[in-house]
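Biologist: Please take a close look at one part of this structure for me, the surroundings of the bound ligand, and go through them in a connected way. Before that, a word on any nonpolar patch at the surface would help me find my bearings.

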Amino acid sequence: MIADSRLAPRRRLGGTAGILLTGFCSALAAGLLIVILGYVAIQGWGAINPAFVTQLPHPVGVPDGGVGNGIVGTIIIVAIAAVIAVPIGVLTGLYLAVYGRGLSAELIRFLAEVLSGVPSIAIGLFAYTICVKPFAHFSAFSASFAFAVLMLPLMIRTSEEAIRGVPTSIREGALALGLPDYGGVVHVVLPAARPLIVTGLLLAIARVTGETAPLLFTAFGSQFWELNPANPMAVLALQIFTYAISPYDDWHRQAWGGALLLILAVLVLNVGARLALGRHGKKS
Amino acid sequence: MSLELDSPRTVEVSQRGLTARQAIADRVFRIGLVAATLTFVILIAGLFAELVHGSWESLVAFGPKFLWSSEWNPVTNHFGALPFIYGTVVSSAIAILVAGVVGIAAAVFLAEFAPPAVARPISFFIELLAAVPSVVFGLWGLFVLAPFLGSTVDPFIQRYLGFLPMFSGGIYGIGLLTAGLLLALMIVPTVAAIARDLIQAVPNELREASISLGATRWETVVHVVLPSARAGIVGACVLALGRALGETIAATMVIGNRPAISASLFAPSYTLSSVIANEFTEATSSLYLSALLELGLILFVISFIVNGCARILMWSMLRSQGRRP
Amino acid sequence: MQPAVVAAKDTVPDLVEIALSAQAVSAWYGSKLAIRDINLDFIRNSITALMGPSGCGKTTFLRCLNRIHESALDARTAGKVLLAGTNIYDADVNPVVTRRRIGMVFQRPNPFPTMSILENVTSGPRYTGMTNEPRELADLAEEALRRAALFDEVKDKLRDPALSLSGGQQQRLCIARALAVKPEVLLMDEPTSALDPLSTLKIEELMEHLAADFTVVIVTHNLQQAARVSHFTAFMLGDADRVGSVVEFAPTGEIFTHPKDSRTEDYITGRFG
Ligand SMILES: Nc1ncnc2c1ncn2[C@@H]1O[C@H](COP(=O)(O)OP(=O)(O)OP(=O)(O)O)[C@@H](O)[C@H]1O
Ligand SMILES: [Mg+2]
């Protein structure tokens, strides 16, 4: 029956074509990162100088000027968001990991997953109605609130996974010594889970650092060195957006410069988180 | 150091209960956990409630016809969401079509064919692509992608397919097609990364069974591996679709921001999220603001449903393989 | 093989006082009954070995004795365990406090991974609220490490990570950690099964000293080990439904020389399964 031990040409060709096609698609997806990164780097490099990262924005036509206040504002807003999101996220993750059996826990996990897909602009609207409207003015704090809500799903999930990842034998070791629940968690389980929780936090911070949409009606932006979170504040991502859609070449140049800074910050956070994870993974 | 050994029994331990301090600490700890979890649930409930509350005026004024009225006129205070729903749906549909094909193909290559030395860096790049902020995508889309499409690709398509309504009309560079393609770039990593994990999770026995029947590796992938991961991959695409539906800044920068419904994909359009982004701080009347909040509510409900479905699809696949999600 | 076993220790301590008493203890995993109706008395300052084939419920029974069984998913217990006359399952007895009085050493060494050697040993006293005083802690640690025959090996590197120790050292560290809270009873679940013969020997040697101050219950698969270290031996066996119970309980010398139950005899002469 089988006269020829080779594969029928059509079948062989189909396989080769398939592999080439799928390979091309992955190269395309990965190549895009390089194209975008490269373009931002080339365009942005020219705009970056000491004045750009340290000075206030200047009006159109006035030379120099920078995004210094936006950089500071980003740091302030993200830091406050982390301060809000970390306790809620880690404790909720802990609750799910320790007591998380049954329907209500599944429901909370489901809510966290779904919240991670809710558009950031909807969360921005929420922050507006809660933190802006009642006080009748925009504020950095309202942006932090929106960012905190955006960070929560990731914080909850990574915390739960990190805590579940601590071996039962270690947990039982604490139990057997007669440590109360909180003692075992605080002194034994959380320290063991900390590297993974920190990774999750870094990824969550990376995610919100690039967020722009909710800022439009929360932080709003500012031309000044604003350090008070109760007032409107400049944010780097928002400055990029404003400059990009402006009609001025000089502002476009600054938008590319800002984009380069932003992308570097986000990539460093991501790569850092992955490296921390890798090192941890190898150790255990 | 003293080596005098106490008898174990002389240590003061209360026989039955914790000391008062420990009992309080334990209680505070438990309360803290429950309080944090409740805070989270209340936040989500509050999110929904606030959006409903904020859009109440518009809900009352326009009722369900808000959804299919295409008039958006702040001067006369008449508001309808149809142009934005249209723009959102069409741009997201383009995005998921393109990203679905490219993403699944990339996932197949990474999971099934690429040697680790190739798969690892490519996976790494694709995952980093997911981390690029949307404002950077928007910037690149506005200054690189849109001019390129407008000057090269769109005219080429129109020359050969211009008889179709979807490829007719003026070419501006910015518009539905550009927005859809830019969104596709942004969600490719989501599809590719999740689909790759799901394909890798397909049990090896299935592959071996197929290979031992004489199938090639490609045939095995197409006829055995992909079908058995289908529910999950569909879930991944739905998840990515959810991201495209809600993406704001990048879409705002390249879609043209015109509340009109046009058959042509080259025409400028508007999405739910970009109209909120552009007009929210300029809304003058309370009804206007309320209408914008109602757009946010629609977005929230759509994304809730879409993401809920995606999660259920992926859970059902992992469950059926006897795995904990 | 047998002559070594016959040389079993048959010296029973003079003072006979019951430190721990299991009365009609049964335990479930979900709806599955794992051990049924176990009655055993543990004499103060004695070492009791629990023996039996794999899966007969030795670990489960041991975990009922310090109420750690109930921390597992869907796990349940019935019966009484009297510690110095008080039922540890009484509603008003806190399991956490009970576990301080009944220490446990696990089958695999489980030092706390983020802590140093010293921190591991002092973790019990510190976090159970015994003491926070540095001098006192240092004394407690030295005493516990000496009793676990580990002090000389680690005294110069007390601040090193606990995971830098060898497996045998880690297990002795876990013994020291358990001793540092000064329990009355020490439960050991196959403490040497993951260790090499040399480490095993060290732990067996230190057990003899432990009996002077503690009541020890040790699970072991190893007949020679039971014969060498224990005063009493309980032989457990699972029935047709794999529900474990105690078949025979006697001074170790007796059970190895004149077992009363034929199933015990089968097991110790190697005729079993
Ligand atoms: N976590 C668990 N969930 C369900 N059943 C369990 C669990 N742990 C043990 N069992 C069952 O309970 C019975 C007793 O198990 P146990 O671990 O107590 O046996 P053992 O005598 O310690 O065995 P070994 O000598 O192998 O350690 C076994 O049938 C086992 O299958
Ligand atoms: Mg066991």
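Modeller: This is a predicted model, and I begin at the surface of chain B, where B:F156, B:Y160, B:L161, B:F163, B:L164 and B:M166 make a nonpolar patch of about 620 Å². One of these residues, B:Y160, is found in helix α5, which covers residues 134-161 of chain B.

Turning to ligand 1, there are 13 residues around it, and those that come nearest are C:S54, C:K58, C:T59, C:T60 and C:H221. By class, this shell is made up of three nonpolar, six polar and four charged residues. Several polar contacts can be described atom by atom: a polar backbone atom of C:G55 is 2.8 Å from an oxygen atom of ligand 1, while in the side chain of C:K58 an N or O atom is 2.7 Å from an oxygen atom of the ligand. C:R242 also takes part through its side chain, with a polar atom that lies 3.2 Å from an oxygen atom of ligand 1. Taken alone, ligand 1 exposes 630 Å², and of that area the protein buries 66%. As for the elements behind this shell, those that give two or more residues to it are β2 (32-43) and α2 (58-65) of chain C, and it is α2 of chain C that supplies the largest share, with three residues.

Conventions:
Residues are numbered from 1 along each chain as its sequence is written. Chains are lettered from A and ligands numbered from 1 in the order in which they are written. This is a predicted model: local features need pLDDT of at least 70, side-chain atom pairs count only at pLDDT 80 or more; totals for chains, interfaces and linings use all residues. Side-chain values use heavy atoms; hydrogens and water are left out. Patches are made of residues with over 30% relative accessible area and no salt bridge: like charges are joined within 9 Å, nonpolar side chains (Val, Leu, Ile, Met, Phe, Trp, Tyr) within 5 Å. Accessible areas come from the Shrake-Rupley method with a 1.4 Å probe; for residues, only the protein chains shown count as cover. A salt bridge is a side-chain nitrogen of Lys or Arg within 4 Å of a carboxyl oxygen of Asp or Glu. Helices (H or I, at least four residues) and strands (E, at least two) are DSSP runs, numbered from the N terminus. A residue is near a molecule or strand if one of its heavy atoms lies within 4 Å of it. A polar contact is a pair of N or O atoms within 3.5 Å; within protein, one must be able to donate a hydrogen and the other to accept it, and residues adjacent in sequence count only if both atoms are side-chain atoms. Ala, Val, Leu, Ile, Met, Phe, Trp, Tyr, Cys and Pro count as nonpolar, Asp, Glu, Lys and Arg as charged, and the others, Gly among them, as polar.
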